[in-house]
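Work through the following exercises with the sequence and the 3D structure at hand. Try each task before reading its solution.

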Amino acid sequence: MIALSGVEVESGPFRLSGISFEVAAGEYAILMGRTGTGKSTLLEAVCGLRRVTKGTIRLGDRDVTSLDPAERNVGYVPQDLALFPTMTVRRHLEFAPRIRRFPRSRVVAKVEELSELLGIGPLLDRRVHRLSGGERQRVALGRALAFEPSVLLLDEPLSALDESTRNAMQRLLQRVRERTGVTTLHVTHSQAEADALGTTVLRLEEGAVHVVKGGAADAASE
Amino acid sequence: MSPASRPSSFWPVFVSVTLAYLAFVLVLLGVMAGHSSPADLWAAMQSREIQHAVVLSFGTCTLAALLSLVVAIPAGYLLARGRHPVLQLVEAMLDIPIVLPPMVVGLALLIFFQSTLGRAVESLGARFTYTVAGIVLAQWVIGTAFATRTLRGTFGHLSSRPEQVARTLGCSPWGAFLRIALPSALRGVVAGGSVAWARGLGEFGPILVFAGAMRMRTEVLPTTVWLELSVGNLDAAVAVSILLVATAFVVLVLVRFLGVQVVS
């Protein structure tokens, strides 16, 4: 579950305040809104990369508002993917499980499971700068899922892809959702993505989050 | 003639300017090489004083370059990533050793170690004035400023986003720096170390003032050139200069090449 209550975030002169919404456990929520309304800023606040000046963020039964990003158990795929330039695909998938001291056998099993799920098995020993856009997206997704996070945040994950790759990635995200059941918040401009993937659709407009489809009824601006 | 096929003066001008400068440098080196011979070089290398200076030069500038990186890596990262307005002032101040005449750096070191604080430092057991440690210190002061400038540029060109994502994956700030930022900056670390090393190898003024020019004690290769010139031994001075240029060139090309191999 993702629950924001009266959240205020500042980013230079830009400010979002009184943001409240809730995504129930296991839901796939789509967050839409015009460019510059603060969708990415909200995702960064949820994963702990941007300081919240007011309000609370709860993930599951934990108040994570003041927790370090490392302690939030959130998988995050930023718009620019931010892959690690010196690492192979395999090292990306192993990164979080190793940091979190998973036993070696579990790390190996996780890499095998994700490479099969995401179709990146043949790429495991390649460096990321040799990958196509769609392959890079799948690696970023695998890296974010590898430590079995309770929440997955996707910032316009399909925006830079051509149409056929986008359709394939959309099917992949559906498969990931069915397989993992992870609570997901996916930022996009695409109505087609919202229709295909979202069990809940939210819209950030004029500083408030409105429920467009499904979801908890209490999403509102304070 | 279409605009695409019309000859442009753009690239020829840039190529000409670059080649003219390179040609001038090569002419200078060529003239110097023409003034010497393999026999002069061999004779110079047989001198115990010069052999000592070679070992001391390469040893001190390598140690100084490594010590420069110990400061330049965190300082470069801080200047590139820090947002506090005071960092602009800090950055300008860190350039002071670059803009100061090298001789003045030596003079400042000499005066510092005659002050109460400097004497207190030396009373702890580490002697710097007129010692080999003083050579390393003089090379380090200037080399660090150059390495910091290089590393600041390197970290400035690297996106901080991968480090931020590493934080969400479970890394501490130290973990994100050591696992993501530093490996990504390896090429810059090699470049910064090379710049500091090359500056150290060519350092003369501060070493002369602060460490002296004592044969078989604090004599480095640039000091040798000066000592040989001062006694009118032009052949030996030229031979040592050629040795200095050739070894520095080979080592720098090697380090750059190996650096590229490591990071690509």
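**Exercise 1. Find how many residues of chain B and of chain A are in contact, and which residues of chain B supply most area.**

Step 1. In this predicted model, 16 residues of chain B touch 24 residues of chain A, where contact means heavy atoms within 4.5 Å.

Step 2. The area buried between the two chains is about 1,700 Å², with 64% of it from carbon and sulfur atoms. Buried area is the accessible area (1.4 Å probe) that two parts lose on being put together, summed over both.

Step 3. Arg161(B), Thr168(B) and Leu169(B) give 40% of the area that chain B buries against chain A, more than any other three residues.

Some conventions apply throughout: residues are numbered from 1 along each chain as its sequence is written, and chains are lettered from A and ligands numbered from 1 in the order in which they are written. The model is a predicted one, in which local features need pLDDT of at least 70, side-chain atom pairs count only at pLDDT 80 or more, and totals for chains, interfaces and linings use all residues, while side-chain values use heavy atoms and leave out hydrogens and water.

**Exercise 2. Decide whether helix 9 of chain B is enclosed or open, and say what its buried residues pack against.**

Step 1. Helices (H or I, at least four residues) and strands (E, at least two) are DSSP runs, numbered from the N terminus. Helix 9 of chain B covers residues 161-168.

Step 2. Buried means under 20% relative accessible area, exposed over 50%, and partly exposed in between (1.4 Å probe, protein chains only). Seven of the eight residues of helix 9 of chain B are buried, so this helix is largely enclosed by the rest of the structure. Among the buried ones are Arg161(B), Pro162(B), Glu163(B) and Thr168(B).

Step 3. In chain A, the buried residues of helix 9 of chain B pack against helix 1 (39-47), strand 6 (74-77), helix 2 (89-99) and helix 4 (133-145). In chain B, they pack against helix 3 and helix 10 (173-184).

Step 4. Gly170(B) follows helix 9 of chain B and has a positive phi, near 125 degrees.

**Exercise 3. Do the same count for helix 1 of chain A: how many of its residues are buried?**

Step 1. Eight of the nine residues of helix 1 of chain A are buried, so this helix too is largely enclosed by the rest of the structure.

Step 2. The buried set includes Lys39(A), Glu44(A) and Cys47(A).

Step 3. After helix 1 of chain A comes Gly48(A), with a positive phi near 95 degrees.

**Exercise 4. In the loop between strand 6 and helix 2 of chain A, examine the phi of Leu81(A) and Ala82(A).**

Step 1. Most residues other than glycine have a negative phi.

Step 2. Leu81(A) is not a glycine, yet its phi is positive, about 65 degrees. Ala82(A), also a residue other than glycine, has a positive phi near 50 degrees.

Step 3. Leu81(A) is buried at 7% relative accessibility, and Ala82(A) is buried with a relative accessible area of 7%.

**Exercise 5. Are Ala64(B) and Lys110(A) buried or exposed, and what do they touch?**

Step 1. Ala64(B) lies in helix 3 (residues 48-81) of chain B. Its relative accessible area is 1%, so Ala64(B) is buried.

Step 2. Leaving out residues up to four places away in sequence, Ala64(B) touches Val136(B), Gln139(B) and Trp140(B).

Step 3. Lys110(A) belongs to helix 3 (residues 104-118) of chain A. Its relative accessible area is 7%, so Lys110(A) is buried.

Step 4. With neighbours within four places in sequence set aside, Lys110(A) is in contact with Ala146(A) and Glu148(A).

**Exercise 6. Describe each chain by its helices, its strands and its buried residues.**

Step 1. Chain A has six helices and eleven strands. Chain B has 14 helices and zero strands.

Step 2. Of the 222 residues in chain A, 52% are buried. Of the 264 residues in chain B, 39% are buried.

Step 3. Along the principal axes, the C-alpha trace spans about 50 × 40 × 30 Å in chain A and about 70 × 65 × 30 Å in chain B.
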